[in-house]
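This report goes through one structure by topic, beginning with the ligand site. Please keep the sequence and the 3D view open while reading.

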Amino acid sequence: MPRPRVFVTRRMAQEALDLLATELDVEVWPDDHAPPRDVLLKKTGECVALLTTVEDRIDEAVLAAGHGALKVVANCAVGFDNFDIQAATRLGVALSNTPGVLTKTTADLAFALILATARQVVQGDRDVRAGRWKSWHPFAYTGPDIHGATLGIIGLGQIGLEVARRAMGFEMTVLYYDPVRRPEAEETYGLTFCPDIPSALKEADFVSLHVPLTPDTRHMMGRDYLKLMKPTAILVNTARGAIVDHQALYEALRDGVIAGAGLDVTEPEPILPDHPLLTLPNVVVTPHVGSASLQTRREMALLAARNILAALNGREMPTCLNPEVLDGS
Ligand code: GLV
């Protein structure tokens with residue numbers, strides 16, 4: 001008798017595929033880009049489980065293509081704005097993400113962007129390679145100090161907190177805004193709570209975004225918020241591109257409203273090569289690689305695989321997004 005099938009929408013760590021293969025027929029989409037919509041719909045109709053990435057839109061139409069046989073969709077990502085959770089819950093499909101395992105790796109990248117943007121690492125490298133660096137000059141490639149500066153963290157979840165911990169090593173003053181105040185983190189790491197986002201934006205030399213993308217946070221960093229930042233400040237985004245209004249950001253950077261931006265996420269992704277932001281020297285853009293360490297990508301794939309097997313075996317899923325599907329409540 002054929003075994004139930006799982007469709008994995010990208011090549012992933014072999015350990016995770018092997019784990020899935022202990023109980024399921026595993027089909028991996030061989031291309032390095034997302035399967036086209038018609039393929040995703042067709043495969044969903046043949047499978048009990050999907051293992052997806054942030055680029056796969058799992059909306060009501062995809063979930064319904066499972067015709068009741070689809071039991072679980074596991075995202076290989078902590079973010080899940082590509083999922084329609086309400087539709088999944090209605091249709092009885094369990095969903096999961098991969099929190100925890102990528103926290104430190106993503107915080108490392110946020111810090112890399114702080115450093116790269118402030119110290120013009122990328123521009124310097126471009127100039128050296130192009131033969132434009134001719135001599136040492138007291139004013140060349142000078143940016144703000146990171147040590148001793150004030151960092152504003154917007155969203156003190158797991159990743160925001162790890163960024164704060166890294167900032168301690170750089171002797172930074174750390175402010176944070178989060179809808180939920182975290183007195184224990186304030187005490188342990190010397191963080192200062194800001195009652196609203198504007199208070200953090202006004203004070204910070206670096207602003208790092210760590211909120212999920214929701215209807216409330218879409219284009220949250222627009223003209224009004226950017227105007228509140230210091231003209232010397234740098235904005236870093238490792239969360240989701242659409243949290244920032246990119247046209248407003250471009251204008252703010254062009255007009256000196258703020259000094260720089262480090263973006264691991266953009267809207268759209270990939271950002272188009274002729275996007276005006278890419279004409280600016282004070283912007284560093286990386287290709288959505290917050291969690292891209294070998295170990296972390298392996299852990300993410302394994303966690304997604306464990307979620308799938310748990311859901312199919314009626315066990316508690318390690319990181320389920322809609323547990324009410326499983327407990328029948
Ligand atoms: C990546 O963006 C993730 O959400 O893990």
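## Ligand shell

In this predicted model, the shell around the ligand consists of three nonpolar, two polar and one charged residues. The residues that surround the ligand are Ala 77, Val 78, Gly 79, Leu 102, Arg 240 and His 288. Ala 77, Val 78 and Leu 102 are in the nonpolar class, Gly 79 and His 288 in the polar class, and Arg 240 in the charged class.

Which residues place a polar side-chain atom beside an oxygen atom of the ligand? For Arg 240 the distance from a polar side-chain atom to a ligand oxygen is 2.7 Å. For His 288 the corresponding distance is 2.5 Å. Gly 79 takes part through its backbone, where a polar atom is 2.7 Å from an oxygen atom of the ligand. The ligand taken alone exposes 190 Å², and the protein buries 88% of that area.

## Domains

The domain assignment divides the chain into domain 1, made of segments 5-101 and 294-327, and domain 2, covering 103-285. The centres of domain 1 and domain 2, taken over C-alpha atoms, are 32 Å apart. Contact between them involves eight residues of domain 1 and five residues of domain 2.

Set against these bounds, the ligand shell draws on both domains: Ala 77, Val 78 and Gly 79 fall within domain 1, and Arg 240 falls within domain 2. Leu 102 and His 288 lie outside the ranges given for either domain.

## Thr 319

Thr 319 sits in the loop that runs from helix H12 (294-312) to helix H13 (324-327). Is Thr 319 buried or exposed? Its relative accessibility is 15%, so Thr 319 counts as buried, the cut-off for that class being under 20%.

The side chain of Thr 319 reaches the backbone oxygen of Asn 97 at a distance of 2.7 Å. Asn 97 is also among the residues that Thr 319 touches, together with Leu 95, Ser 96, Pro 99, Leu 303 and Asn 307; residues up to four places away in sequence are not counted here.

## The loop between H3 and S4

Gly 66 and His 67 are both placed in the loop between helix H3 and strand S4, where H3 spans 60-64 and S4 spans 72-75. Gly 66 has a relative accessibility of 1% and therefore counts as buried. His 67 is exposed, with a relative accessible area of 70%.

Gly 66 and Lys 42 are 24 residues apart in sequence, and their C-alpha atoms are 8.8 Å apart in space. His 67 has a positive phi of about 45°, although it is not a glycine.

## Other backbone features

Tyr 141 is another residue other than glycine with a positive phi, near 55°. Tyr 141 is located in the loop between helix H6 (121-129) and strand S6 (150-154). Because its relative accessibility is 29%, Tyr 141 counts as partly exposed.

Where are the cis peptide bonds that precede Pro 268 and Pro 270? One runs from Glu 267 to Pro 268, with omega near 0°. The other runs from Glu 269 to Pro 270, with omega near -10°. Pro 268 lies in the loop between strand S11 (260-263) and strand S12 (283-285), and Pro 270 is likewise in the loop between S11 and S12.

Definitions and conventions
Residues numbered from 1 in each chain as written. Predicted model: local features only at pLDDT ≥ 70, side-chain atom pairs only at ≥ 80, totals over all residues. Heavy atoms only, no water. Helix = DSSP H or I, 4+ residues; strand = E, 2+ residues; numbered from the N terminus. Buried < 20%, exposed > 50% of the residue type's maximum accessible area, 1.4 Å probe, protein only. Polar contact = N/O pair within 3.5 Å; in protein donor to acceptor, adjacent residues only side chain to side chain. Contact = heavy atoms within 4.5 Å. Near = heavy atom within 4 Å. Areas by Shrake-Rupley, 256 points an atom, 1.4 Å probe, with all protein chains shown as cover. Domains from an automatic or database assignment.
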